[in-house]
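Hi,

Here is the structure I said I would pass on. Have a look at it first; my notes follow below.

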Amino acid sequence: MDHLGPRPSPETEGDDLAFERATLVLGFGLLALAGWIDGAGFVRWSGLYVSFMSGNTAQLGATLAVADWHGMGEAGRTLLMFVVGVICGELVAHRAGRWRSPAVVAVETALLWLAAASTIEGWGDGVTASVAGLAMGVQTAAVHKADGVSVALTYVTGTLVNAGRAIAAALRGAEPWRKTLPFAGFWVSLCGGALAGAAATLAGLDVAMVSAAGIGSLLAVYAGVLAGRRTTH
């Protein structure tokens, strides 16, 4: 007797696999968006990262050592806003249930539009960076795992470690080479996003932020379609 319950049908397994892969694509898009925002921050705010808190933590320590109070304030503010964003994102995700991804990305997108408005209205770079950092913190709650792979939506250090482990396993014959592909996709997404975001910022911070908000809007719609399809199966 099978005590594990009924086995899923091939159709159900196929739907689950398609959903997981589509969620992985959403992760690629969100990581590219994080890269875009970081690229903008690197160009506009002298290397201040809006989504990469390891870099900002190191910068905070360095500015303390050289008594750069302005730099310390910027790094500290960005760290604080990011953590507040993470808290808000997790609360939204918990409340939204199976609609977590579209709900979280929608809140993130609203914040990115606010950041874009701050550049257009001239509220100051401090406001823009703070709101963008809040948005990046919120983003971390959108997707935690896709296609059996843990998804980090604002950094790739852990991704590169996992990529190295996957390559080592493939070289030993313990895992197929296709297991390395998601990690390569995450790295390319962040790097490509940073390249595009930095290039857009050279044309103007308002251009970069409006574009980022537009990308966020498209990703929110995509996440909503995915969640809708999931609830109908």
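Start with F52. F52 is partly exposed, because its relative accessible area is 22% and the partly exposed class runs between the 20% and 50% cut-offs. Please keep in mind that this is a predicted model.

F52 has an aromatic partner, Y49. Their rings meet edge-to-face, 5.6 Å centre to centre, with 85° between the planes. Y49 is partly exposed too, at 27% relative accessibility. F42 joins these two residues, and F42, Y49 and F52 make up one aromatic cluster.

How many aromatic pairs are there in total? The count comes to 3. Among them is F28 with F186, again edge-to-face, at 5.2 Å centre to centre and 65° between the planes. This pair ties together distant parts of the chain. F28 sits in helix α1 (residues 10-44), F186 in helix α7 (residues 181-203), and the two are 158 residues apart.

Is F186 buried or exposed? F186 is buried, because its relative accessible area is 0% and buried means under 20%. Its partner F28 is partly exposed, at 22%.

Now the cysteines. The disulfide count is 0, so no pair of cysteine sulfur atoms lies within 2.5 Å. C88 is partly exposed, at 35% relative accessibility. C191 is also partly exposed, with a relative accessible area of 39%.

That is what I have on the aromatics and the cysteines.

Best wishes

Methods: Residues numbered from 1 in each chain as written. Predicted model: local features only at pLDDT ≥ 70, side-chain atom pairs only at ≥ 80, totals over all residues. Heavy atoms only, no water. Buried < 20%, exposed > 50% of the residue type's maximum accessible area, 1.4 Å probe, protein only. Phe/Tyr/Trp six-rings, centres within 6.5 Å; stacked < 30°, edge-to-face > 60°. Helix = DSSP H or I, 4+ residues; strand = E, 2+ residues; numbered from the N terminus.
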